[in-house]
Amino acid sequence: MQRVLSGVRPTGGIHLGNYLGAIRNWVAMQHQAQESLFCIVDMHALTTLEGTDDLAENTYTIAAAYLAAGIDPAKASIFAQSHVPAHTELAWLFSCLTPLGWLNRMTQFKEKAGKHKEMACLGLYAYPVLMAADILLYKATHVPVGEDQKQHLELARDIAGAFNRRFGEGLLPIPEPMILGAATRVMSLRDGSSKMSKSDISEYSRIELMDSADTIALKIRKAKTDMEPLPEKFSDLEGRPEAQNLVNIFATLAEITPDAVCQQFVGSNFAPFKQQLADLMVATIVPIGEQMRQYLADKATLHATLQAGARRANELAHLHMNDIRRAIGMIQ
Ligand code: AQP
């Protein structure tokens, strides 16, 4: 039985990296899996949000993005993480068997906490334990994510193994990370060494799914490149991270290999390449953004979709939590 789970944090403008690295793959997987669950992980958003003013609006926006990208609520449950209280209950149970040494290895905590580690909140540190609970609560077998979540997925596998060793082999499946396609790590348009991210202060660093055609074209024109022409082979782009990133995005959108992109533009400067990249991006992203606007104009229907998703998620969570509590030895 293939059970798929993944999620996005409602922390701001959902972007091309979230789409190519994650959501686009979910759309294909929902047809193969017996059960698919796609949540909007609002509890995770709290680990880095300074204010919560936009939390509800951002949550609806991510739900609209899922639908606009092609997630079908008749095939997959779309829900807000906070609507299923068992996520945090299971996170506590897991936190009682996760050694601190495992969490100390997590690079995302180090990146997000930055220099002020002592001031970072406990939730940011414990984030990967909550993520393990998100996955294992539904006994998910496959987790499609971008490259940046690989280490957290490995931790979820370790936690499942530790739980099974202590409370009974086979109780929790060991989830498989699904890091698919050529755009598993889309980089910032302003700096090829950092990941495209919702929280980057520069809007020019990312293409948002609700950007207009003009904005997309402008952001691509302004995207950082270098003075060298494009080479014949992708491997010759070594040491040119911004060019590598743009070629990878082009290849993913055009569904060709990065080498084929280089061959198409060999010897040329970036102007004609950027023009075609912008056209490709507009053709993919603008229809999604337009649909998102339509979904967002009818919050009652969006809300009903989230409620229906939460009903199914709570049903599964209830069943699995009973198994888990029984295995631990809690009174039923
Ligand atoms: N740049 C990226 N390239 C490929 N995949 C990406 N993902 C995120 N950024 C990229 C994947 O999108 C899914 C949802 O990510 P998330 O919102 O839950 O968390 P994140 O990784 O922290 O995303 P952001 O955009 O960087 O948000 P902020 O700035 O708020 O931290 C995941 O599968 C992720 O791998």
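**Exercise 1. Identify which residues come nearest to the ligand, and state how far the ligand is covered.**

Step 1: Of the 23 residues around the ligand, where a residue counts if one of its heavy atoms lies within 4 Å, those that come nearest are Lys112, Asp148, Ser197, Lys198 and Ser199. The structure is a predicted model, in which local features need pLDDT of at least 70 and side-chain atom pairs count only at pLDDT 80 or more, while totals for chains, interfaces and linings use all residues. Residues are numbered from 1 along each chain as its sequence is written, and side-chain values use heavy atoms, with hydrogens and water left out.

Step 2: Turning to individual atom pairs, a polar side-chain atom of Lys112 lies 2.6 Å from an oxygen atom of the ligand, a side-chain N or O atom of His15 is 2.6 Å from a ligand oxygen atom, and for a polar side-chain atom of Thr11 the distance to an oxygen atom of the ligand is 2.7 Å.

Step 3: On its own the ligand has 640 Å² of accessible area (Shrake-Rupley method, 1.4 Å probe), of which the protein covers 98%.

**Exercise 2. Locate the largest nonpolar core relative to the domains.**

Step 1: A nonpolar core is a set of buried Ala, Val, Leu, Ile, Met, Phe, Trp, Tyr and Cys residues joined through side-chain atoms within 4.5 Å, and buried means under 20% relative accessible area (1.4 Å probe, protein chains only). The largest one has 61 residues, and Leu16, Tyr66, Phe273, Leu277 and Met281 have the most contacts inside it.

Step 2: Helix H12 (residues 270–296) gives the largest share of this core, ten residues; helices are DSSP runs (H or I) of at least four residues, numbered from the N terminus.

Step 3: Because domain 1 (3–178 + 299–328) and domain 2 (203–294) both give residues to this core, the core lies between them, the domain bounds coming from an automatic or database domain assignment.

Step 4: Apart from this core lies another, of 46 residues, including Val41 and Ile159.

**Exercise 3. Describe the surroundings of His44.**

Step 1: His44 belongs to helix H2 (residues 42–45), and at 2% relative accessibility this residue counts as buried.

Step 2: The side chains of His44 and Asp134 are joined by a polar contact of 2.7 Å, a term for a pair of N or O atoms within 3.5 Å, one able to donate a hydrogen and the other to accept it within protein, with sequence-adjacent residues counting only if both atoms are side-chain atoms.

Definitions and conventions: Buried < 20%, exposed > 50% of the residue type's maximum accessible area, 1.4 Å probe, protein only. Helix = DSSP H or I, 4+ residues; strand = E, 2+ residues; numbered from the N terminus.
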